[in-house]
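Colleague: I've just opened this one and I'd like to go through it with you, piece by piece. Could you fix the vocabulary before I start asking?

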Amino acid sequence: MENLKKQVGIKAAEFVKDGMIVGLGTGSTAAFFVEELGRRIHDEGLNIIGVTTSSVTSEQASKLGIPLKSIDEVDFVDLTVDGADEIDSKLNGIKGGGAALLMEKIVATYSHDYIWIVDESKLSENLGSFKVPVEVIPYGAEQIFRKFTTAGYAPTWREDDKGNKLITDMHHYLIDLHISEIKHPEQLAQELDLTVGVVEHGLFNNMVKKVIVADHDGVKIIEK
Ligand SMILES: O=C(CO)[C@H](O)[C@H](O)COP(=O)(O)O
């Protein structure tokens, strides 16, 4: 599995050209992409600026010597490459398994090009085998949790390794929704967008046009 993740990370780095502002995703797959960019900067003198999507990626990119700017310091991002937790046949996706969905969605929104890199296990016909993370403001969060319980979404709190409610990079909580089959992700996204106290959610509908997938036969590109 690590090898498949590495293959897509390296493949995605081929789309990065000199002078680009590059969005750097979060997670174990995106980490291979970031690592490859670090190698190209070091070995080939590649000249880029990175915009990171989490504190974890900022730390990795800094160690690799990738020059960084925040999303507010650039006019736009040329290309963002990120992982995903699940992708349906229409290329809608669920992200946020690594708790970085808010920064990831913001950086993706201001990117001209956006690519997901995954191994084949992330592809499915309909979304729902992965939980839908919802980032909420702590004030009133228990009310939102109860509302999701009533709606039948079987919510759980995302916890840190000490069993406390996880606090995201942007100082919010995460509630994970366990909905077994999401046939209409746009409808669910709209409902979540309209819930007071919800900052963002992990449904990335209609945002990506290119997915790089690896399986044991090699790497392929799926395009919309
Ligand atoms: O959305 C994310 C982080 O918030 C990640 O991209 C997603 O969880 C995939 O991670 P991995 O490549 O480790 O499977």
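Modeller: Sure: helices (H or I, at least four residues) and strands (E, at least two) are DSSP runs, numbered from the N terminus, and two strands pair if DSSP finds at least two bridges between them. This is a predicted model, where local features need pLDDT of at least 70, side-chain atom pairs count only at pLDDT 80 or more, and totals for chains, interfaces and linings use all residues. Residue numbers start from 1 along each chain as its sequence is written.

Colleague: How many residues sit between β12 and β13 in their hairpin?

Modeller: β12 (residues 210-215) pairs with β13 in the antiparallel sense over six bridges. Along that ladder, K210 stands opposite E223 in β13. The turn that makes β12 and β13 a hairpin takes two residues.

Colleague: And by how many degrees are neighbouring strands of the six-strand sheet turned against each other on average?

Modeller: That sheet is open and mixed, in the order β2-β1-β3-β6-β12-β13. Its edge strands, each pairing on one side only, are β2 (49-52) and β13 (218-223). With direction ignored, neighbouring strands are turned against each other by an average of 20°.

Colleague: What angle does helix α1 make with β12?

Modeller: Staying with the hairpin, A214 stands opposite V219 in β13. Helix α1 (residues 2-13) packs on this sheet and touches β3 (77-82), β6 (111-119), β12 and β13; touching means contact, with C-beta atoms, placed from the backbone, within 7 Å. Axes here are lines fitted to C-alpha atoms, for helices over the stretch in contact, and angles run from 0 to 180 degrees between N-to-C directions. Against β12, α1 comes out at about 145°.

Colleague: And what angle does α2 make with β6?

Modeller: α2 also packs on the sheet, where it touches β1 (21-24), β3 and β6. Its direction relative to that of β6 is about 115°.

Colleague: Do β6 and β12 run parallel or antiparallel?

Modeller: One pair to look up is I117, which stands opposite I212 in β12. Five bridges join β6 to β12, and their sense is parallel.

Colleague: Which are the edge strands of the four-strand sheet?

Modeller: This open sheet has the order β8-β9-β7-β10, with antiparallel pairing. The strands that pair on one side only are β8 (156-157) and β10 (198-201).

Colleague: At what angle does α4 run to β10?

Modeller: α4 is mostly covered, with seven of its nine residues buried, that is, with 20 or more other C-beta atoms within 10 Å of their own (12 or fewer is exposed, in between is partly exposed; C-beta atoms are placed from the backbone). Among the buried ones are L101, E104 and K105. The helix lies across β7 and β10, and to β10 it runs at about 70°.

Colleague: Which helix gives the largest share of the side of domain 1 that touches domain 2?

Modeller: The assignment, which is automatic or from a database, gives domain 1 (2-124 + 205-216) and domain 2 (132-199). Across the boundary, 11 residues of domain 1 are in contact with 13 residues of domain 2. The largest share on the domain 1 side is three residues, from helix α4.

Colleague: Which helix supplies the largest share of the shell around the ligand?

Modeller: The ligand is surrounded by 18 residues, and the closest are G27, T29, G83, G97 and G98; a residue counts as near if its C-beta atom, placed from the backbone, lies within 6 Å. α2 (28-44) and α4 each supply at least two residues of that shell. The largest share is three residues, and it comes from α2.

Colleague: One last spot: is P67 buried or exposed?

Modeller: P67 is in the loop between α3 (55-63) and β3. Leaving out residues up to four places away in sequence, P67 touches I49 and G50. It has 11 C-beta neighbours inside 10 Å, so P67 counts as exposed.

Methods
Contact = placed C-beta atoms within 7 Å.
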